[in-house]
Each structure stands twice: as structure tokens, then as C-alpha cells.
Amino acid sequence: LEVNRDELYYMQTKIENLNKLLGIPAGSNIIPVDRAGMLKLNGVQTAAFMRVRMAGNNDLERTERARRVIMGLKDNVLSMSLGEMNDFAERVLPCITTDMGQTELLSLVLKAPACLRYEILSERIPVDGSFSYSDDGNAYVLIDFAANIQHLQVISGG
């Protein structure tokens with residue numbers, strides 16, 4: 001992932017909190033801020049990256065970071081062989097809680113290579129230019145729902 005200096009700076013506290021929560025020694029998983037750029041992150045670092053709110057456009061950019069991680073995972077899975085996908089699924093599926101049965105989950109895993117090749121549209125709601133922040137001293141967003149509905153209709157071809 002491309003990680004900038006601000007994101008790395010704010011990741012440090014998140015990484016330390018995750019280290020503590022997971023029983024990992026303090027100072028582990030830290031990435032020096034001067035290493036900003038294209039980075040291969042481990043699980044703790046990735047979780048910290050997605051939780052950063054202070055860098056960029058606060059919560060709106062936080063959701064963008066989460067989408068970047070998901071798209072990166074999709075791209076990594078697409079580059080795997082069927083055997084690697086199977087190994088990946090065997091490592092990941094036990095970590096997922098769902099009401100689907102194992103047979104249903106496995107059928108989805110078998111469909112993954114084809115499904116992951118579909119074009120994926122990634123959007124944030126509210127879209128740019130369709131919201132403002134409250135000016136009454138409270139922290140909330142005023143959303144132009146009609147503009148968001150129109151945007152979704154345009155991108156979906158509907």
C-alpha cells in the first residue's frame with residue numbers, strides 16, 4: 001500500500017495499542033515515518049492503517065484507506081494459484097463468524113476467482129460536494145440525499 005508520512009505518524013499509537021491488546025512486545029510492528037511510500041504491511045500494521053482518522057480528511061479518508069486495503073487483498077488473491085487460494089481460505093475461514101454452513105462458504109471460495117475479476121466500483125457516501133458540516137456547535141454532517149441518489153444512479157447505469 002502507498003502510505004504517507006502523516007498516516008505513518010498516526011499509525012504508531014494504533015500499532016502500540018494493538019500490540020498491547022494482542023500481547024505483542026511494545027515497539028513491535030512500528031514503521032519509521034521516514035519510510036513513507038509503497039509498503040508491505042503485516043496484519044497489525046494494516047489494521048492500524050485502516051483506523052487512522054487524523055491524517056487527511058478525517059473519517060472520510062479513513063473509509064478510503066479501508067477500501068484500498070480491500071482492493072489490495074482482492075488483487076493479491078487474484079494473483080494466487082488455486083492451491084494458494086485454498087491455503088489462504090483454510091487460514092482465513094476459521095477467523096470468520098457467519099451463519100453460512102461450511103459447504104456454502106466453500107462454494108463461494110470456488111467462485112471467487114471468477115467473481116474477483118468483475119469490475120468493482122468503490123464509492124464513498126456522501127459523495128464530494130453533497131454534504132456540509134453542522135455550524136451549530138454539534139458534530140454532524142448535513143447530507144443532500146437527492147444528490148447521492150442521483151450519483152448512485154449515474155454510476156450504476158440506472
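Select Glu7 in this predicted model and display its surroundings: leaving aside residues up to four places away in sequence, Glu7 touches Glu2, Phe49, Val52, Ala55, Glu61, Arg65 and Arg68. Glu7 itself lies in helix H1, which spans residues 5-22. Is Glu7 buried or exposed? Its relative accessibility is 1%, so Glu7 counts as buried, the limit being under 20%.

Keep Glu7 on screen and add Glu61, Arg65 and Arg68. Salt bridges that share partners join Glu7, Glu61, Arg65 and Arg68 into one network. The model has six salt bridges in total.

Next, select Phe49, one of the residues that Glu7 touches. Not counting residues up to four places away in sequence, Phe49 touches Leu1, Glu2, Val3, Glu7, Met11, Leu41, Arg65, Arg68 and Val69. Arg65 and Arg68 thus appear in the contact lists of both Glu7 and Phe49.

From Phe49, extend the selection to the largest nonpolar core, which has 13 residues. Those with the most contacts inside this core are Val3, Leu8, Met11, Ile31, Leu39, Leu41 and Phe49. Helices H1 and H2 each supply at least two residues of the core. A second, separate core holds five residues, including Val77, Met85, Ala112 and Leu116. As a general tendency, nonpolar side chains in soluble globular proteins are buried together.

Now turn to the pockets. The largest has a volume of about 430 Å³. Select Leu41, Thr46, Gly72, Leu73 and Asn76, which lie nearest its centre among the 16 lining residues. Helix H2 (43-51) and helix H3 (58-78) are the elements that give two or more residues to this lining. Which helix gives the most to the lining of the largest pocket? H3 does, with six residues. Colouring the lining of the largest pocket by residue class shows nine nonpolar, five polar and two charged residues.

The second largest pocket has a volume of about 360 Å³. Centre the view on Phe88, Leu93, Leu108, Val109 and Ala112, the closest to its centre of the 16 residues that line it. Helix H4 (82-92) and helix H5 (102-115) each supply at least two residues of this lining, and H5 provides the largest share, six residues. The same colouring here gives 15 nonpolar residues, no polar residue and one charged residue. Ala112, already named as a member of the second core, is therefore a residue to keep selected while viewing this pocket.

Finish with three individual salt bridges. Select Glu64 and Arg67, whose closest N and O atoms are 2.9 Å apart. Both residues lie in helix H3, three residues apart, about one turn of the helix. Glu64 is partly exposed at 32% relative accessible area, whereas Arg67 counts as buried at 19%.

Move on to Asp75 and Lys74, a salt bridge with its closest N and O atoms 3.1 Å apart. Asp75 is partly exposed, with a relative accessible area of 42%, while Lys74 counts as buried at 14% relative accessibility.

The last stop is Asp128 and Arg124, whose side chains meet in a salt bridge at 2.6 Å, N to O. Asp128 is exposed, with a relative accessible area of 63%, and Arg124 is buried, with 16%.

Methods
Residues numbered from 1 in each chain as written. Predicted model: local features only at pLDDT ≥ 70, side-chain atom pairs only at ≥ 80, totals over all residues. Heavy atoms only, no water. Helix = DSSP H or I, 4+ residues; strand = E, 2+ residues; numbered from the N terminus. Buried < 20%, exposed > 50% of the residue type's maximum accessible area, 1.4 Å probe, protein only. Contact = heavy atoms within 4.5 Å. 1 Å grid on protein atoms, 1.4 Å probe; cavity = no way out; pocket = protein on both sides within 12 Å on 5 of 7 lines; lining within 4 Å. Points joined across faces, edges and corners; volume = space filled by probe spheres on them. Nonpolar A, V, L, I, M, F, W, Y, C, P; charged D, E, K, R; others polar. Core = buried A, V, L, I, M, F, W, Y, C linked by side-chain atoms within 4.5 Å. Salt bridge = Lys/Arg side-chain N within 4 Å of Asp/Glu carboxyl O.
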